[in-house]
Amino acid sequence: MKYRWDKKYLYWGVTIFLVVLASLASIGIIFQFQNLMGTIGWIIGIFKPILYGLVIAFLVNPIVKNLEKLFFRIFRKKIQASSKPKKWKGASRATCIVIAILLVLAALAGLLWMIIPQLINSITGIVQDFSKYFANLQAWLDDILKNHQDIAGTIEQVIQGAFGFLQKWVAKLPDQAGNILSGVADGVMGTISVFTNLILGFIIAIYFLFSKEKFIAQAKKITYAMFKKERANHIIEVGQQTNRMFGGFIIGQILDSLIVGVLCFIGMSILGMPFSLLISVIVTVTNIIPFFGPFIGGIPSGILILMVDPMQCLYFVILIVVLQQIDGNIICPRIQGDLTGLSGFWVIFAITIFGGLFGIVGIVIAVPAFAVIYIWIKRWMERALKKRKMSLSTETYMESGCIYESDPSEPLADPNMPEPKQVTPEARKAAEEAFLRKRSKKKMSGWIQRLRKKKEGTPSDSEDHDDGSVG
C-alpha cells in the first residue's frame, strides 16, 4: 500500500517548527540584547565608510542634478552636434560632481573659519567671567526676593551649594589629569577615525554619484529576479517614495534650520544680547531635531544669558517663541509642506523610540523613517479592507460597538462595487435554512452514489488501493 502525504499535516509541522525557532530567537535576543547590540555596532563600524559615502551622495545629489541641468543648457548645441554624446555626458557628470563636492567643502570651511574663532572667544569669556555672572545672578535674585527672606535664604543655599560643587569639581581637575589625558587621547583617535571614514566616504560618494543610474538599475534587476512582478513593482514604488520622503525632509530641515539660525543671529544682534553667534549656532544645530529641538537649544542658551543679564534672558525667550511661530507657520510650510503627514503624537512617538534605539542619529531620522513605516502599514491596511469590502473612512470606525452591516452612506473600498443590501433577521434565517437544506441534500446524494457503486462492485474513491497488487 502506498503512503499518501497529507500536505495539511506537513504545513502544520513546518509552522510549529518556525514558531519554536522564532520563540527561541526572541528569548536569545531578550537575554543577550547587549551583546547583540554590540555585534550590530561592530558591523556598522565596519560599514561606516560606505554609510558615510551613501549619506554624502544622498545630500550632494540635488546639487549635482542642478549643475547638470545648467551644464546641458549651456552646452546643448555642442552636445547635439557631437558624434559621441555619451562622452559628453560622462565628462559633464564628472565635472558637476567635482564642482558640487568642492562647493560643499568650501561652504563648510568658510562657516568653520567664521564661527570657530568667535565660539572659542565666547566659551573662554564664559569660563573667565563665570564668578562675575554668578554674582550678577545672585544679586538679581536677592533684589527680587528681598521681601521674602525665607524663600531667599533657601534659594541662596541652593545656589551656594551648586557653586561650591562646581568649585570642588574644578579643584579636582589636576588630580584627574591622567583620566583627562586618556579621554583626550581617545577623543583624538576617534577624531582621526572619523576623518579617515569621511575621506573614504567622499571617495565612495564620487563613485556612487558617477554611476548612480547603473546602481539603481542593478537594484531593480535583483528585485525583479527575487520577487514576482507585482510585488517587485510595489517594492520599487515604496523605495521611490522613501527616497522622496528622506530627501525632502532632511534637506528641507537643514535649510529650515539655517534660516532660523540666521534670523536668530540677526535678532540677537539687534537687541544687543551676549553670545549671539554661539547661541545662534546652538539654535541652528538643535532645530534640525523636530519638535524637541527648540527646547533643547533654547533652555541652555537662556541659562547662559540669564547669568549675564536676566532681562535679556526674558527678551531672548520672547525672541525664540516668535521665531518658532514664524518657522512653524511660514518657513517650514513653504519649504516642506505637509510632507510626512504625521500628527504631533506620532512625531513624539517616533522621536522617543528611534532616539532610544539609535541615539542622535535616530532622533534626526525618526520622523521620515516612521513616516515611511506609517505609509507601509496604511497601504497594507487599505488592501486588507478592500479584500473584505469594508469602508476606508476612519470616521466609520469611530462609533462605539462592532460593525455588523456596511452603512450605505459610507464609501466602499471599491467605488464600482454595488451598494450592500440591508439584510433583515428573517431573511438571514431563511438563507441559513436554505444553506443547511442544500448541504444535507449534497450529503444525501453522496451516500446514494456510494451505495450504487457498492452494488455495482466498483471501489469507492475513499478506499486505498495498491496499483502493484496482484488480484
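The second largest cavity here encloses about 50 Å³ of space. The structure is a predicted model, and by the rule used its count comes to two cavities of 30 Å³ or more. Here is a quick tour, beginning with that second largest cavity and then stepping back to the chain.

**Who lines the second largest cavity**
- Its lining is made up of Val-283, Thr-286, Asn-287, Gly-293, Pro-294, Gly-297, Gly-298, Ile-320 and Gln-324.
- Three elements each give two or more residues to this lining: helix 11 (276-286), helix 12 (293-308) and helix 13 (310-335).
- With four residues, helix 12 gives the most to the lining.

**Chemical character of that lining**
- Sorted by class, the lining of the second largest cavity holds six polar and three nonpolar residues.
- If you are looking for charged residues in this lining, there are none.

**The fold as a whole**
- The chain has 15 helices and zero strands.
- Of the contacts in the chain with a separation of 6 or more, 64% are between residues 24 or more positions apart.

**Burial and surface**
- The chain has 471 residues, and 24% of them count as buried.
- About 34300 Å² is exposed by the chain.
- Carbon and sulfur atoms supply 67% of that exposed area.

Key:
Residues are numbered from 1 along each chain as its sequence is written. This is a predicted model: local features need pLDDT of at least 70, side-chain atom pairs count only at pLDDT 80 or more; totals for chains, interfaces and linings use all residues. Side-chain values use heavy atoms; hydrogens and water are left out. Buried means under 20% relative accessible area, exposed over 50%, partly exposed in between (1.4 Å probe, protein chains only). Contact means heavy atoms within 4.5 Å. Accessible areas come from the Shrake-Rupley method with a 1.4 Å probe; for residues, only the protein chains shown count as cover. On a 1 Å grid over the protein atoms alone, a cavity is a set of points where a 1.4 Å probe fits but cannot get out, and a pocket is an open set with protein on both sides within 12 Å along at least five of seven lines; lining residues have an atom within 4 Å of a point. Grid points are joined across faces, edges and corners, and a volume is the space filled by probe spheres set on the points. Ala, Val, Leu, Ile, Met, Phe, Trp, Tyr, Cys and Pro count as nonpolar, Asp, Glu, Lys and Arg as charged, and the others, Gly among them, as polar.
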